[in-house]
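Welcome! Please take a look at the structure shown here, and then work through the exercises with it in view.

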Amino acid sequence: MHAPAVNPQFLGDEANVGVSSPRFALISAPMARTVSWGGGTEAGPVAILEASPALEIFDDELLQETVRAGIVTRPPLPLEDYDLEGACDQIKKAVARELADGLFPVLLGGEHTVSGPAVAAMRDKYPDLHVVQVDAHLDLRDRYDDTPLSHACVMRRVNDLGVPFSQVGIRSFSAEEWQLVRENNWRPFTMPRIHEQSDWLEQLLGEIRGPVYLTIDVDGLDPAIMPATGTPEPDGLSWRQLTAMIRALAGHEQGLVGMDLVELAPRPGLEHATFTAAKLIYRTLGYVYSRRMRPV
Ligand SMILES: [Mn+2]
């Protein structure tokens, strides 16, 4: 199977604003090889792109047309031509290409595995990179289903790279993962912590020194608004909690330098979830484009 002749574009025809040097590049990585349960994440990128023309290009919070920054959509990466390692290498190269051209990469998964090679490319350009992971899960297993490249291991691989990270929205993990957290004195922003500590966002900003790569596993959001994912865990982040966090990150010191959104598994009847993912991406790009806002 090869990519269809016509690839949908983020925001459809409204993305064609004639900007000579666009700011943002969307890269589709429809990988779903190590999925535990549910499945369907390979359909995430095209579903987001196809839903996106329904967005208002005038952002209702930022009161700006973020599309004027220039948003280009690349053809989907031909990952089916490669084994798992080779596919990860293609993702790393694709992200590195955008960075070399001065664009802000926006990677669309696919399963969470795709974030590992993206972070590797980002770290090559930004040695003091900090990863902020939005997720229900720690994803700190060393191996899962006999592979170190499982979606359930992605933050362990980020840790192997020596990149510091903060984890937000956490509410599902194994005993071994929690032991690793305790041994390293990591302090993930679990949902109980977020509910109990009203200054959690200031605490998060306080851990961040360098530019931020944001990886959003959509299961970090509450399944009431984001049911279309493989493992929908109750008691997740609200839209307001998540967008307030991203707004603060974008306005903090060196801000955001790249992002991904992963683990969307579109389902018939749950089109609002796909639309929510598309709006979350557009809102995040809006925060990056407009650094006028104050953090927190
Ligand atoms: Mn997850």
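## Getting started

Asp135 is buried, and His137 is buried too (buried means under 20% relative accessible area, exposed over 50%, partly exposed in between, with a 1.4 Å probe and protein chains only). This is a predicted model, in which local features need pLDDT of at least 70 and side-chain atom pairs count only at pLDDT 80 or more, while totals for chains, interfaces and linings use all residues. Residues are numbered from 1 along each chain as its sequence is written, and side-chain values use heavy atoms, with hydrogens and water left out.

## Exercise 1: the metal site

Find the residues that coordinate the manganese ion, and give their spacing along the chain.

Step 1. Look for donors, which are N, O and S atoms within 2.8 Å of the metal (3.2 Å for Na, K and Ca); water is not among the atoms, so sites may look incomplete.

Step 2. The manganese ion is held by Asp135 (OD), His137 (ND1), Asp217 (OD) and Asp219 (OD), at 2.2 to 2.3 Å.

Step 3. Read along the chain, these donors show the spacing D-x1-H-x79-D-x1-D.

## Exercise 2: the sheet and strand S5

Work out the strand order of the open sheet, then explain why S5 is called largely enclosed.

Step 1. Helices (H or I, at least four residues) and strands (E, at least two) are DSSP runs, numbered from the N terminus. Two strands pair if DSSP finds at least two bridges between them.

Step 2. The eight strands of this open sheet come in the order S4-S1-S5-S10-S9-S6-S7-S8, with parallel pairing. S4 and strand S8 (189-190) are the edge strands, each pairing on one side only.

Step 3. Strand S1 (residues 24-29) runs parallel to S5 and is joined to S5 by six bridges; Ala29 stands opposite Gly109 in S5. S5 is also joined to strand S10 (residues 256-262), by three bridges and again in parallel, with Leu107 opposite Asp260 in S10.

Step 4. Strand S9 (residues 212-217) has six bridges to S10, and these strands run parallel. Here Thr215 stands opposite Asp260 in S10.

Step 5. Six of the six residues of S5 (residues 104-109) are buried, so the strand is largely enclosed by the rest of the structure. Both faces are covered, with Phe104, Val106 and Leu108 buried on one side and Pro105, Leu107 and Gly109 buried on the other.

## Exercise 3: what covers helix H1

Which residues of H1 are buried, and what covers them?

Step 1. Six of the eight residues of helix H1 (residues 44-51) are buried, so H1 is largely enclosed by the rest of the structure.

Step 2. The buried residues in H1 are Gly44, Pro45, Ala47, Ile48, Leu49 and Ala51.

Step 3. Their cover includes S1, strand S4 (71-73), S5, S10 and helix H9 (271-289); contact means heavy atoms within 4.5 Å.

## Exercise 4: two helices that cross

Describe how H2 and H3 cross, and sort the residues of their contact.

Step 1. Axes are lines fitted to C-alpha atoms, for helices over the stretch in contact, and angles run from 0 to 180 degrees between N-to-C directions. The axes of helix H2 (residues 84-100) and helix H3 (residues 115-125) come within 8 Å and cross at roughly 35°.

Step 2. On the H2 side, the contact includes Cys88, Ile91 and Leu99, and on the H3 side Pro117, Ala121 and Met122 are among the residues they meet.

Step 3. The contact residues of H2 with H3 divide into ten nonpolar, no polar and three charged. In this sorting, Ala, Val, Leu, Ile, Met, Phe, Trp, Tyr, Cys and Pro count as nonpolar, Asp, Glu, Lys and Arg as charged, and the others, Gly among them, as polar.

## Exercise 5: unusual backbone

Where do Asp139 and Asn185 lie, and is each buried or exposed?

Step 1. Most residues other than glycine have a negative phi, and most peptide bonds are trans.

Step 2. Asp139 has a positive phi, near 55°, and is found in the loop between strand S6 (130-134) and H4. At 5% relative accessibility, Asp139 counts as buried.

Step 3. Asn185 also has a positive phi, of about 55°, and is found in the loop between helix H5 (175-183) and S8. At 67% relative accessibility, Asn185 counts as exposed.

Step 4. Finally, the peptide bond from Gly109 to Gly110 is cis, with omega near 10°, and Gly110 lies in the loop between S5 and H3.
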